[in-house]
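Here is a short tour of a protein chain, sheet by sheet and helix by helix. Please keep the 3D view open as you read along.

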Amino acid sequence: MGGETKRSMVPTTSASYPQLAERPKGKLIHNLYVDRLGQFTDGGQYRAQGLLDKLYDGRLAGDDNVKLHVWSAPGQSRPTFEEATSKKNEYRQTHVGESFGPSWTTHWFRVQFKLPMEWTEKPQVELHWDSNSEAMVWTEDGKPLQGLTGGGERTEWVVPDKWRVPDKEHTLYIEMACNGMFGNPPGDVIQPPEMNRYFQLAMADIVSVNVEARALFYDYWIIGDAAREFPQDSWQEHQALQVCNEIIDCFIAGEGSQTCIKECRRIAKRFLGSEIDSEAVYDNENNGTEPAIVNAIGNCHIDTCWLWPWDETKRKIARSWSNQCDLLDRYPEHRFVASQAQQFKWLEQLYPYAWDRVKEHIKKGNFQTIGGSWVEHDTNLPSGESLVRQFLYGQRFFESRFGERCQTFWLPDTFGYSTQLPQICRLAGMTRFFTQKLSWNNINKFPHTTFNWVSLDGSQVICHMAPCETYTADAHFGDVKRSVTQHKSMDQDATSLLPFGKGDGGGGPTFGMLEKLRRCRGMANTVGLLPKVKVAESVDDFFDRIERKVAERETELVTWYGELYFELHRGTYTTQANNKRNNRKAEVLLHDIEYLATLATIKGDKGYKYPKKEIDFMWEAVLLCQFHDCLPGSVIHMCVDDSNKLYAQVSEKGEKALHGALNALGFDTDKQNAFYQDQYVLLQTLGWQRQPPNRMTVRCQASVEQVADNVFVLENPALAVTVEGGVITSLYDRKARREVVAKGSKANQLVIYDDKPLYWQAWDVEVFHLRSRKELRSSSQTTITSTSPERVSVSTTTKISEKSWIKTTISLSALAGSDEPAMVETEAEVEWHETMKFLKVEFPTTITNTEASYETQFGIIRRPTHYNTSWDMAKFEVCCHKWADLSEHGYGVSVLNESKYGFATAGNVMRLSLLRAPKAPDATADMGRHHIRWAIMPHIGGLDERTVRAGYEFNYPPRVHKHSTPERIQELMGAFKLVPGSDPGLVVDTVKRGEDDEDAGNGDMPPRKGRHVVLRVYDSLGGLCRGYVAFGPVGVKKAWKCNLLEDELEEVKLTDKGLPVELRAFEVASYKLLLE
């Protein structure tokens, strides 16, 4: 047929396809060959035939090679190097196999060894030390070199090349801490520490590393992960499996020789690329190929206290950061970030050599400060001003030591994030925020990875939550893969952070992690499928790129308004009640000291000096105690002891500073609380004029009467309260002519719940605890305990169990004026010795609303009172500060507290959380005596400034002191108050001296000429606010609006009324005033 051509039968290739089958060949049985992979690096029965047996080609062990002597420090002391190596200390001979303890003790080893001639040319020699505990390597002359983790983790220290002198004896010291990276748990890590734990010295060897075998180990690890984790329908998965099996076959054929190990590496590099042995593997980033989207960054999250005390944290910092300085020297691509100014300060004070190393690397840019806060603090419980001071003290420390402020707030492990944080971050010079904790939610999955997080006032920061869902990744193949597969914002921006490194004393990134990252990148370069990873130049660089995209409208990030509520760890609002009480009291004390000391420097005795040193000590102590395990209460008892001691020092120093300021202002501090004399003056430390106590101005306006058996009625012109069996069965508002307590219900009803969370005892309370509600009934007759004209009270004792009881005193006070809000106050004394129980007090109301309001830092947050959705139900326990409110149109009820944070509103029932009784990690948490105050305040009209101010006044007890010229001092205390007619939502929250004033600074930064006063003002109700701040007798020349770091932003023109203030809803504003 047409078009045919004659076909040639001559072969077209040089290779010929055999005509006859040579032998049978079966299909690779996929699962069998995958399962085979583990044999090659198995530490079990095939270890001697596998790669692990080839990792070291020489070992010096035993007393002939490594001489060991030890000195044990007395008790739980942690002596310095100088103290430990003092000639008076007798070091005795010891050996591998001996055990040391008990828990929390310290043992110093003198280690002496020689290297034989044939070892001088070995590629790498290491000391392998494993005391199954944390330890630190020191030079003979007292330089801390590196931390060791123990228990098989980070047990190697690289012997320096300069020590490769044959037959010369070298000496170093090892400081052994009798605790692991998670303290001394008996097994389960969160259980209270075992106090009699001993640690066996399992290894003290000098080894020669087979560097090719070690490299092959990481080659094989990553290719093996690809064979296991790549999709089975991908060619990359099949090729990875083939390569791994080919490596095993080559190793077997070569009988594990050095030659075959090198050949195995050549096989591996067909899959990983040829540049995996250096940082050059990352060099193709800008050659037209797809850029890396996974940005790895080293860190070593060190809890400032948790399952170990502060003093151990100080050693963890030195160990971990020394490790990183060593890795930064060895791996040019490595970048390491560290947060928490407090930890830097401890290093500066205690470890000057390590501090110098860190500073050197910060100068190079590969050790990077981040976070900007004093510690990685809780954000639910601290006051608004405490959040400000976290950044003020943190940023000032970083700037004073390193000449730079942080741009990114780094807070990966805190238990929820307050709604005002974006605004506070922006005011502290930070526009971005990193965390990941919401990945722990146990009800709803948080829907975003990278997004705009918006504060109450509309301020926003870019928030990124690492999709690898950890802040201590091991830099595994899976971590890189999950950085894409779990990324929820791919349509806006596909990049992500991969924070890697061992935390909590694990020492941060290891050399193995950096080796794995090189191989992951090599694989992505060579065969693809795995997303490209690089070691980020910095976290700021990562956020800079996103910010540019947003600013140039290349992308538009989704928004999340309001708090980042954490659906776990809700018990931390209540656990360790005394810690929370101490925090609240310290915040109040510092507020008053700063205000009165500011006045004293302006109009007080000429010799008076602003107590900046004392204030700094107190603030740094309070900020330290706000660490995200300390203040929430999820710590061992040793940490509670530490914080109790520090709070006692704050109280002692604070009272001295307060009295010093009062004396400078002319007060007689020896006589107080005699309200009936004209020369006694109420200290006006709040942002408005408080009414003086009504001891002698009101008569017969409060009364109490027993109307039946165990039934009492307390009355004043505003309220009538019926107390029956110790609970309130009626609360009648006379002015509103309405009942507040729901019909048939009981307010001030104590209830107790079974409290056994799924795992995290001190941290969690689960929704199912609500099913175990049990009302507590009084075990005694109610008695009248106060009948003064100003205040009447009835008291009742309730038996909780054979070991526990609570005495409640319900009081009603007279009113000084018709506009004064009336409230029913309760004081409770509790003896608490329960196990896994939760004590609360309930207030059923006649209010209907689907939302309740709660005070948060510098504002109000509204949360559902219903369980319509799982998101609503997840908020069955929430955080509030000084008050919670449930209001409907025209009427509402506020519940005030003095030191509590846990709350719930379900339907019309308001519920204040009082005490918990978890047994881990502190078996004695909350056991003992407690004093608690709360109040019920009904109000006509909606939520307004009356509740805001009542919350302040309930927490700031009135202080009255004698003064020789009451009118003059009262005029002075009118300074920095709002002018009448100002919007009532405005609150002057803080009055203090300027940080760097010549007469009031601490010398950390260059002094500024002149004397300044800094005011913090905010809108508390959520609307545009205008007003004026009066100066009283204080002369002010000039004013600026400034940020939280007290940088001047814009001048504000003063008027005859004072400082004009105009704020948007929930705005926080700071003003700097230059005094005349």
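## A sheet late in the chain

In what order do the strands of the open sheet that holds strands 47, 48, 50, 51 and 53 run, and is the pairing parallel or antiparallel? In this predicted model, the order is 47-48-53-50-51, and the pairing is antiparallel. At the edges you will find strand 47 (986-993) and strand 51 (1048-1051), each of which pairs on one side only. On average, neighbouring strands of this sheet are turned by 30° against each other, with direction ignored.

Now look at strand 48 (residues 1012-1019) and strand 53 (residues 1068-1075), which form an antiparallel pair over 7 bridges. Within that pair, Val1017 has Ala1069 of strand 53 as its bridge partner. The sheet also has a helix packed on it: helix 9 (residues 384-402) touches strand 47 and strand 48. The direction of helix 9 makes about 40° with that of strand 47.

## Domains along the chain

The domain assignment divides the protein chain as follows: domain 1 (30-52 + 213-272), domain 2 (56-209), domain 3 (294-561), domain 4 (573-666), domain 5 (703-955) and domain 6 (964-1075). Taken over C-alpha atoms, the centres of domain 1 and domain 2 are separated by 34 Å.

## The helical stretch and helix 14

For residues 567-647, the UniProt record (an unreviewed entry) gives the feature "domain: Glycoside hydrolase family 38 central". Over those residues the chain is 64% helix and 0% strand, with 30 Å between the end C-alpha atoms.

Helix 14 (residues 577-603) is worth a closer look. How far apart should its ends be? With 27 residues at 1.5 Å a residue, helix 14 should span 39 Å, and its end C-alpha atoms are indeed 39 Å apart, so the two values agree. Is helix 14 largely enclosed or largely open? Of its 27 residues, 22 are buried, so helix 14 is largely enclosed by the rest of the structure.

## A second five-stranded sheet

Another open sheet has 5 strands in the order 25-26-27-28-29, again with antiparallel pairing. Strand 25 (703-708) and strand 29 (738-739) stand at its edges; each has a single partner strand, so one side of each is left without a neighbour in the sheet.

The partner to follow here is strand 28 (residues 727-733), which pairs with strand 29 in the antiparallel sense over 2 bridges. To find the spot on screen, look for Tyr732, which stands opposite Glu739 in strand 29.

Notes: Residues numbered from 1 in each chain as written. Predicted model: local features only at pLDDT ≥ 70, side-chain atom pairs only at ≥ 80, totals over all residues. Heavy atoms only, no water. Helix = DSSP H or I, 4+ residues; strand = E, 2+ residues; numbered from the N terminus. Expected span 1.5 Å × (residues − 1). Buried < 20%, exposed > 50% of the residue type's maximum accessible area, 1.4 Å probe, protein only. Domains from an automatic or database assignment. Pairing = 2+ DSSP bridges. Axes fitted to C-alpha atoms, helices over the stretch in contact; angles between N-to-C directions. Contact = heavy atoms within 4.5 Å. UniProt positions renumbered as here; feature names shortened; annotations may be inferred.
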